[in-house]
Amino acid sequence: MHVFLGANNIVSPLGFTTAANFSAISSGKSAVTEHHFPFSDHSFYCSKIDRDQLNSHFSKRNEKSSFTFLEKMCVLSIQEVLAQSNIDLADKNNLLMISTTKGNIDVLEHAYAELPAGREYLSEIAKSIADVFHCANTPLVVSNACISGLLAMIIAKRFIENNRYQNIIVCGADLVSEFTLSGFRSFSALSDEVCKPFDAARKGINLGEAAASILLSAQPLSKLIVSGGASANDANHISGPSRTGDGLFQAIAHTLTEANKKTVDFICAHGTATEYNDEMESVAFSRHNLQHLPVNSLKGYYGHTLGAAGVLESIIALESLKQNTLIASAGFETQGTTHLDHVIRQTTKLELQSCLKTASGFGGCNAAAIFEKIL
Amino acid sequence: MNAIISSYCKIVPNKISVGGKLFFEEASEKELPEFLSAAYKYGELNYPKFHKMDKLCKLGMLATELALRNCPDWKALDKSRIALIFSNQSSSLDSDRNHAHAISDKQNYFPSPSVFVYTLPNIIMGEIAIKHKISGENAFFISNQFDPELLFSYSTILLQTTGTEFVVCGWVNCDRTHNDAFVYCVKKSNFKEQNSGPELDHTSENIRQLYNT
């Protein structure tokens, strides 16, 4: 059976709809800019959602209870998916999944005076969102580092194929916080300019915040399906990728086998712009002889949105398939990995049928999925 | 296809049981770190990396090692066919609070990569994967309480529809007052055990009972 990819939404600094986001990045716009924070003398290049703009958007809902900023991002994103589809989360056959790494991490930074205690627990986010949409099933939370979003979509696909649910909305979300900025800074992983995935002069990551949601369904809601997906562990190091790309290689192998494919039309890679991650991906792709395919990373537009990244980037990849448009890999100028010889330099129109989406993260985790058009 | 729970280990403060039998107990109540160190010595884990881990990983590592030890023939399997599925309530909040504390005072600001790396719950699966070269499927779920139906359902899907042959499945929670771990191994029942332990059918009811007793 097919698992179809339906309604979706992105809430990011580039806009609160998928259309606004795709149009912005198609014209080369990046959400990553220099930001100053009260906690640091240094500035940070990151992508932040305007608080006032999102709050004013959210206030139109007239919700009575209190929400964190992250919960508001999620509610607005899920609301859009529900509005575009006829899915009712109060139906027992439908499930909401949340993917996040740090959730309401700003609660630990005492960002809210008025909230009830305990909001730092990820299942409390699920509960507050479930109340808004009257969810029949307790939302399922996946927290698996930077593959959280893509892994949640793969798990959703498996639940639908096995008749556990008819429809699943996966919502990925994370914030930019002092917590993550200071942590990645202590790893010397942050770039002091807009990041340059796969480029010879790449210096590291930018952090970004977003909420992104997508509907996966047993119903033929669209001409797009997820035809394969798998995860795998490097079994090598908890904070560095495998030099040989073993985990990613294995995740891609299982995904290609499941989708019954040897190749795809393009790759939407993880591309964090750290030296080791990007090189590891280049090795894993070349071990599958996929190094000649057009490849992009979307981190130059959004930064690394952590638990949202897999969902957000999958939605952009699906939009690329729909609009037959290869999106340029922002920040790329000079070949900076051993094997990748077609990092996309310019956004171009091209007939596209299928895409490989990958993600990798701390803890040695890797995930891959294939999206394709059906007739 | 049927599957079997081939071994399990449960850790609550000051007490460890393996396969339902008492394995280790502290006579006097100890703080969690001391208890974990004492259990590490008693269990002869001989894995120096253990001492670098945060409390969540130490708890999960101990429970996993003791569960795997009771299920000897898993080592013969292709390690890419072994999946890790873990869950908890508190994510990595214990280490999160440590990192948040390290950055809370601007006069005494000491964010450390060795703390920050543990601010993700799935790191425990990375640690287990590294120790045993296990490279199969991973998933970390957060639920408000132990959810045997979820773990059963997702393990079953992996065993039935992917190449997965063996699942190390568990709950490992580390929080201010709520510390516990329960790790069990699930294998396809066509996989012949030479040294059979206390085997049980893989059902959510059995998982629930093992966790509750």
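**View 1. A:Arg51 and A:Glu209 join in a salt bridge.** In this predicted model, the closest N and O atoms of A:Arg51 and A:Glu209 lie 2.4 Å apart. The two partners come from distant parts of the chain, 158 residues apart. Look for A:Arg51 in helix H2 (residues 51-59) of chain A, and for A:Glu209 in the loop between strand E7 (207-208) and strand E8 (210-217) of the chain. Are these partners buried or exposed? A:Glu209 is buried, because its relative accessible area is 0%. A:Arg51 counts as partly exposed, because its relative accessibility is 28%.

**View 2. A second salt bridge of chain A pairs A:Glu313 with A:Lys357.** Here the closest N and O atoms are 2.9 Å apart. A:Glu313 belongs to helix H10 (residues 309-323) and A:Lys357 to strand E14 (residues 354-361), so this pair ties together parts of chain A that are 44 residues apart in sequence. A:Glu313 counts as buried because its relative accessibility is 3%. A:Lys357 is buried as well, with a relative accessible area of 0%. Elsewhere in the chain, salt bridges also build a network that links A:Asp192, A:Glu193, A:Lys196 and A:Lys203. Over all chains, the count comes to 24 salt bridges.

**View 3. A:Cys146 sits in a loop of chain A.** You will find A:Cys146 between strand E5 (140-142) and helix H5 (148-161) of chain A. Is A:Cys146 buried or exposed? A:Cys146 counts as buried, because its relative accessibility is 12% and the cut-off for buried is under 20%. Which residues does A:Cys146 touch, leaving out those up to four places away in sequence? The contacts are A:Thr101, A:His270, A:His304, A:Leu306, A:Ala359, A:Ser360 and A:Gly361. To get a sense of scale, compare A:Ser40: A:Cys146 and A:Ser40 are 106 residues apart in sequence and 25 Å apart in space, C-alpha to C-alpha.

**View 4. Chain A meets chain B.** How many residues take part on each side? In this interface, 42 residues of chain A are in contact with 50 residues of chain B. Together the two chains bury about 3800 Å², with 61% of that area on carbon and sulfur atoms. Charged side chains join in too, and the count between chain A and chain B is 4 salt bridges. The side chains of B:Arg97 and A:Glu120 meet in a salt bridge, at 4.0 Å from N to O.

**View 5. Helix H5 of chain A crosses helix H6 of chain B.** The axes of H5(A) and H6(B), which spans residues 148-161, come within 10 Å and cross at roughly 85°. That angle makes H5(A) roughly perpendicular to H6(B). From H5(A), the residues A:Ile155, A:Arg158 and A:Phe159 meet B:Leu150, B:Ser153, B:Tyr154, B:Ile157 and B:Leu158 of H6(B). Sorted by character, the residues of this contact are 6 nonpolar, 1 polar and 1 charged.

**View 6. Another pair of helices crosses between the chains, H6(A) and H3(B).** Helix H6 covers residues 178-186 of chain A, and helix H3 covers residues 93-102 of chain B. Their axes come within 10 Å and cross at roughly 80°. H6(A) is therefore roughly perpendicular to H3(B). The residues that meet are A:Phe179, A:Ser182 and A:Gly183 on H6(A), and B:Asp96, B:His99 and B:Ala100 on H3(B). This contact divides into 2 nonpolar, 3 polar and 1 charged.

**View 7. Helix H5 of chain B is mostly covered.** Of the 10 residues in this helix (123-132), 9 are buried. Among them are B:Ile123, B:Met125, B:Ile128 and B:His132. What covers the buried residues of H5(B)? The cover includes strand E9 (224-233) of chain A, along with helix H2 (55-69), strand E4 (82-88), strand E5 (138-142) and strand E6 (166-173) of chain B. B:Lys131 in H5(B) is partly exposed, with a relative accessible area of 25%. The side chain of B:Lys131 meets that of B:Glu65 in a salt bridge, at 3.0 Å from N to O. The pair links H5 with H2 of chain B, 66 residues apart. B:Glu65 counts as buried, at 8% relative accessibility. Just after H5(B), B:Lys133 takes a positive phi of about 55°.

Note on methods. Residues are numbered from 1 along each chain as its sequence is written. Chains are lettered from A and ligands numbered from 1 in the order in which they are written. This is a predicted model: local features need pLDDT of at least 70, side-chain atom pairs count only at pLDDT 80 or more; totals for chains, interfaces and linings use all residues. Side-chain values use heavy atoms; hydrogens and water are left out. Axes are lines fitted to C-alpha atoms, for helices over the stretch in contact, and angles run from 0 to 180 degrees between N-to-C directions. Helices (H or I, at least four residues) and strands (E, at least two) are DSSP runs, numbered from the N terminus. Angles under 35 degrees count as roughly parallel, over 145 as roughly antiparallel, 65 to 115 as roughly perpendicular and the rest as oblique. Contact means heavy atoms within 4.5 Å. Ala, Val, Leu, Ile, Met, Phe, Trp, Tyr, Cys and Pro count as nonpolar, Asp, Glu, Lys and Arg as charged, and the others, Gly among them, as polar. Buried means under 20% relative accessible area, exposed over 50%, partly exposed in between (1.4 Å probe, protein chains only). Buried area is the accessible area (1.4 Å probe) that two parts lose on being put together, summed over both.
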